[in-house]
Structure formats: structure tokens, C-alpha cells
Amino acid sequence: MIHLANAKGRDAEVNAEAVVTPVRVRWIDDEGRPASLVQVLRGTIDRDVSALASRAGSLAGVAELLIDGDPEIDVETYGSFIDHTSRVYVGPDKRVAHRAAEVEVVKLPDGTVKEKRPRQVTLGNMSAETPLRWSGKFLPKAEVVHKFVLAVKTQIIHVNGLTYDFLYAMAEELEQKNAFLRVGAGPRANQPLVFHRGGTPYPAGFLEGRTQGDKYQLVLHLSNQELKAP
Amino acid sequence: MFRHAGAEVRCQPVKVDRSKLYGSVEIEAADDQGRPLELATIGPDGHTLIAAGGRAMAFVNPDRNWIDRGRLRPVDPEGRPLAEVPSSFDEPIQLETPATIDDLLDHQVKSIYYLEMDAGAEALLALLAKGAIFRFPFAWRGGWISDVGFLLAGQDDRPFLLVAQPTTLHFVGLDQAASVVEEEAVEPGAEEEINFGL
């Protein structure tokens, strides 16, 4: 969901639909049956090189283990389908760590460390109690596409008849102006947009609208990179 | 290499990402004793720790049995066979299809390349500086499908190649509500600035 306000300050919560690339290639077998890709397990930490070296006493000893058997393979689990995995921290003993102090290491483009600081976790602000305000800052489309990389898009869609009118009117106004509306979080619409807790902050958001008869297309383009050379 | 208005323009693509422009942020973690921690993946059973590189992709048939990729053939979403597409580096890319801004906005940008152009590109660069955008099929290594390449000028009128893919953007009417739900005081004028830094 996204919480938006229009030029009159009226606000509504509407749907924000992820914009994805549709499937362009499918694979079929020699009988014409569709094949699908799955993720399978092929290596666990308790059987990786360092684990085997610990067991053998040295890296050289791993070769002997491999000649004598298949210690790197667990026939019960390897090849099984895996999904819904999670990321965890593990310690030097290869056990899950349940407490971790995280530090952000900020590096300059040349790789040198600029600073170290406590981790800053971003908070989602697109469906917050305060709506994303109508900034009133219109930017010509031709100017924006040559200045920013609009890498992430989300399509904004009504949830009922009232919000259909609400969003259609926005799309129509933006189309008539042939411009983007600058969108940002905060009271001045100038703070980065973040979809969810821990999500990527996007310093620049641009709302684009088009209409086609009684249909509309309202898209929020997000950018965290300028279109410029290093 | 591009071919435009009868002339060939050679250029070198240089990949551009955020880290090259603004730097990067890495996370370091330590336990209570200050010992470094590493990120790992835990399996769906809640206890299997998966090693780096411990996951692989495999094709399965509708019976969920593994099937060798060599026995598969690619088709488009309608089931029509696909022909191989060559690498865009095999032949000069014809710049003959202008693109509109809306055309570019309908695509999802995957990667960005700054183009270092050899001498002789002045006419093309002048056209790009006036706002021209060209589109063409683009495949880095060749394969079964092409992406869409957009050639346009960026800031300072420098040439960029955006490699993009089509999207699911669509017009919606009153009856077509969404089916998929996705998942202070400032200096005067400061609100006009956009801070891309870290």
C-alpha cells in the first residue's frame, strides 16, 4: 500500500503494485512439457573445506578424506529443493550467532574507508500515517530521464471507485503537464522514499501519469543514481 | 559499435553503478566477544546452514523430477520456438529506431554503461545532446532473447547505454482494481536538492 495526498491535500491509501519483467523464455522437454527452475541444496557448512580441514587436522588431510570417501556430500539432503531460506550470522565455530553488533563501513568510490558508524536501519515511509504529499514541484519528463536513472518502478492502482477518481485525476493532470511530480517523504517531500524497514532509500521519486480513455497509468519512478559518469 | 547515418562509431562501454559514483556501505558484524561474524544462509528446516555457493539451480519436469538442460528447448510465452540471437558485439548496431521518452519509461533499467566514443562520433553526440534517444535489441553475449538498449545523453551530454527489459505496466480502468498487492525545518532552497550520498 501507499499513502498519497493530492494537490488539495486529500489523501488515500491505494495499492502499489510491483512492476516486473514478464517471463520471456520458457523451457519445454522433448514431449513438450514445461520445465521449471528450482533451487537445490549442494553444499552445507558442516561439510565445506574448512569443516573437512578441521576434521582431517590439516588442509592436506582433506585430500585423504576425499580419496577414502565422500565426506563433502550428505546423500540425505544434497539435491533437495530449498526455498524460503533466511540469512543468519555464524561465528568462527560455524554456529548461528543470536546476538550481533553491526557496524557500517562507509567507503569512498576509490575503496578507501571514509568512516565506521553504527548500523542505521531505514524505516518504511510510503505507507506511513503521514501521506506522501503533493509537492507541487513539476519537472519536465525530458529533463528527468537525462539526469536520473529511473531504476525502480511501482504502479499505483485504485482500491475502489473513490480512489479510481482520485488517481485518474492525478494521472490526467500529470499527462497534461507532460511532467513528473517530484515525490519525497516528510513534510517538505524532500526525504528519501523507503518501501519497508531496512529497505533501500531512494532520494528521488517521480510520479508519472498517463490516460487512455477512461483508463489511467500512474507510476512512481524511483532513483538512487544520477545518469552521470564517475 | 554503432552505425548511424552511414558512419560507424566505435565506443567502449564502461559499467557505472552507485559504488563508482557515491561509494558503498558494507556491514561488519561481531559477537559479544568481538569476534567477527559471517553471513550464511539457513535452510527451510531451520537448522541446515548452507555454505557459500551451496545452492544450485536445476530444471525439473512437471513431475518434479530433475531433467537435463540438454533435453530442453526454449520457446516464447506462447510456445513458439525461439531462434538464437547474436551478441551485439558481433555486428555494428544500427541506430535507426528513435525512441520516445514514454518508451524508455515503459522499460525497467537493468544496467548502465557510460560510452567512451572514438573520434568521428561528433554528429551522433550532437544529436543525443539535443535529446534524441535510440532503441535497439541488445544482447551482451548472445542467447535466446535480447534486452532493449537505449542510447541517450546523460548529465553533461555524455552518452550512455541503458540496458532494459519490458515491464508489466498497463492501463487500468474502474473495474480493474489491483489484483496483486505488494508486498522539519530546512535551509531555504535546500528542499530542491537531492542528496544521493551515503
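How many residues of chain A are in contact with chain B, and how many of chain B with chain A? In this predicted model, 91 residues of chain A are in contact with 87 residues of chain B. The legends below take up that interface and then several individual sites.

**View 1. The side of chain A that touches chain B.** Strand β4 of chain A, residues 34-41, supplies the largest share of this side, namely eight residues. Sorted by class, the side of chain A that touches chain B comprises 44 nonpolar, 21 polar and 26 charged residues.

**View 2. An open sheet of four strands drawn from chains A and B.** The strands follow one another in the order β7(B)-β4(A)-β3(A)-β8(B), and their pairing is antiparallel. Chain B provides the edge strands, β7 (55-60) and β8 (73-75), each of which pairs on one side only. From one strand to the next, the twist averages 50 degrees. Where β3 of chain A (residues 26-28) meets β8(B), the two strands pair in the antiparallel sense over three bridges, and I28(A) stands opposite R73(B) of β8(B).

**View 3. The pairing of strand β6 of chain A with strand β4 of chain B.** Residues 101-107 of chain A form β6 and residues 24-30 of chain B form β4, and these antiparallel strands are joined by seven bridges. Within this pairing, E104(A) has I27(B) in β4(B) as its bridge partner.

**View 4. W66(B) in the loop between β7 and β8 of chain B.** This tryptophan, W66(B), has its place in the loop that lies between β7 and β8 of chain B, the strands that form the edges of the sheet in View 2. W66(B) counts as exposed because it has 12 C-beta neighbours inside 10 Å, and a residue is classed as exposed if it has 12 or fewer. Leaving aside residues up to four places away in sequence, W66(B) touches A58(B) and V60(B). R135(B) is 69 residues from W66(B) in sequence, and the two lie 39 Å apart in space, C-alpha to C-alpha.

**View 5. The largest nonpolar core, with L167(A) and F160(B).** This core has 65 residues, and of these L167(A) and F160(B) touch the most other members. Its largest share, six residues, comes from helix α4 of chain A, residues 161-177. In soluble globular proteins, nonpolar side chains tend to be buried together. When residues up to four places away in sequence are not counted, F160(B) touches L227(A) in chain A, together with I112(B), Y113(B), Y114(B), L115(B), L152(B) and G154(B) in chain B. For chain B as a whole, 21% of the 198 residues count as buried, and the secondary structure of the chain comes to three helices and 13 strands.

**View 6. H84(A) and N178(A), two loop residues of chain A with positive phi.** H84(A), a residue other than glycine, has a positive phi near 50 degrees and lies in the loop between α2 (59-68) and β5 (86-90) of chain A. H84(A) is exposed because 6 other C-beta atoms lie within 10 Å. N178(A), although it is not a glycine, has a positive phi of about 50 degrees, and this asparagine lies in the loop between α4 and β10 (179-183) of chain A. With 13 C-beta neighbours inside 10 Å, N178(A) therefore counts as partly exposed, since the exposed class ends at 12 and the buried class begins at 20.

Terms used
Residues are numbered from 1 along each chain as its sequence is written. Chains are lettered from A and ligands numbered from 1 in the order in which they are written. This is a predicted model: local features need pLDDT of at least 70, side-chain atom pairs count only at pLDDT 80 or more; totals for chains, interfaces and linings use all residues. Two strands pair if DSSP finds at least two bridges between them. Axes are lines fitted to C-alpha atoms, for helices over the stretch in contact, and angles run from 0 to 180 degrees between N-to-C directions. Two residues are in contact if their C-beta atoms, placed from the backbone, lie within 7 Å. Ala, Val, Leu, Ile, Met, Phe, Trp, Tyr, Cys and Pro count as nonpolar, Asp, Glu, Lys and Arg as charged, and the others, Gly among them, as polar. A nonpolar core is a set of buried Ala, Val, Leu, Ile, Met, Phe, Trp, Tyr and Cys residues joined through C-beta atoms within 7 Å.
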